[in-house]
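Please find below my note on this model. The points concern the largest pocket and the sheet.

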Amino acid sequence: MKAKKILLGLAAGAVALTLAACSGGRGGGDEAAEGENKGALVGIAMPTQQSERWIADGENVKKSLEKLGYKTDLQYANDDIPTQVSQIENMISKGAKALVIASIDGTTLTDVLETAKAQDIPVIAYDRLINGSPNVDYYTTFDNYQVGVQQATSLLTGMGVLTEDGKDNPDAKKEYNVELFAGSPDDNNAKFFWDGAIDTLQPYMDKGVIKVPSKQTEFEQAAILRWLPETAQKRMENLLQLDGDTKLDGVLSPYDGLSIGIISALTSGGYEKNALPTITGQDAEVGSVKSIIAGEQYSSIYKDTRALGDQAVKMVDAVLNGKEPEVNNTKDYDNGEKVVPSYLLDSVIVTKDNYQKILVDSGYYSEDDLK
Ligand code: GAL
């Protein structure tokens, strides 16, 4: 019996080697041995528990993998790069057969991914692209450029530059004062959000309809390292100083956490809670949806993390079973070493008008969650 198993194993190995040689791809060895990875350990590396979304992401991926019979090792790195590196090293030494990684800094995992590669462990980049390493097999995320377009579009609608149906508003004012924020410069997504938003706002900036009183219109000036709310709050406080008496009509914020910091700065800087500028966001986190319902934050971008989790799990299950995961983008996500085959999901603008339909009716949140 035992001998038979070994023989079968050898045969599977030979097939695997042949397939790997043919495809020239990585991970081919293990993947081809169908069934061999049943019940395998999968490492899930998440950046932080400071934000609800990553907690939900981690839990979703873990649950769905376990439903398929995999074992999981879910770790959060407290936004600390060395912690994330050592967590991934541990996953590899515990025998993980695949890794799902939402990186903190997309450029700091090159060495640990070398180790993964040496052991033929496939790597799925989760939501954030891992840069500078050839050892990233697949990537799943949302259409990040489009997220930026949606943020800017909702800013324009909220301020009244555009009407609800996206047309130029005949009753618009001549000028709108807007300050701009960007995400963490070490997160590949941040530049995509920014580019989508700025491409959308630029025509209005060129016409002088949108003015940036601080003149801080470069990504580097607007970026908030590690997406920290308190850093955004400080920057907003500084901007209010710079802007003097100019009343703001809008603030482009790329993430709910930053919006919370921005709102704190604005309210302590003299804005009434019911007369805040139009403020955008992202992730539709509970606290921020409540703020939208209360009429403080104007919009957020809903990214169904359940769907993202499912996509990552499908990718893991495919590679561990010798199959090609489904992708729908093979051009936009160049990590400096290769274009990583990606699966992009769609996002939705959420405001007070549609949160019920988008967030509650879909079961993402219950009524009670938002009370
Ligand atoms: C980005 C992610 C956003 C937001 C942000 C801060 O990478 O795409 O949805 O969560 O990180 O956590």
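1. The lining of the largest pocket comprises 11 charged, eight polar and nine nonpolar residues (Ala, Val, Leu, Ile, Met, Phe, Trp, Tyr, Cys and Pro count as nonpolar, Asp, Glu, Lys and Arg as charged, and the others, Gly among them, as polar). The model is predicted: local features need pLDDT of at least 70 and side-chain atom pairs count only at pLDDT 80 or more, while totals for chains, interfaces and linings use all residues. Residues are numbered from 1 along each chain as its sequence is written, and side-chain values use heavy atoms, with hydrogens and water left out.

2. In all, 28 residues line this pocket, and Ser51, Trp54, Trp227, Tyr255 and Gly257 lie nearest its centre. On a 1 Å grid over the protein atoms alone, a pocket is an open set of points where a 1.4 Å probe fits, with protein on both sides within 12 Å along at least five of seven lines; lining residues have an atom within 4 Å of a point.

3. Both domain 1 (25-143 + 304-345) and domain 2 (144-303 + 353-357 + 365-370) contribute to the lining of the largest pocket, which therefore lies between them. The domain bounds come from an automatic or database assignment.

4. Six strands (DSSP runs of E, at least two residues, numbered from the N terminus) form an open sheet with parallel pairing, in the order β2-β1-β3-β4-β5-β11. Strands pair if DSSP finds at least two bridges between them. Because β2 (71-76) and β11 (342-345) are edge strands with a single partner each, one side of each has no neighbour in the sheet.

How values were computed. Helices (H or I, at least four residues) and strands (E, at least two) are DSSP runs, numbered from the N terminus.
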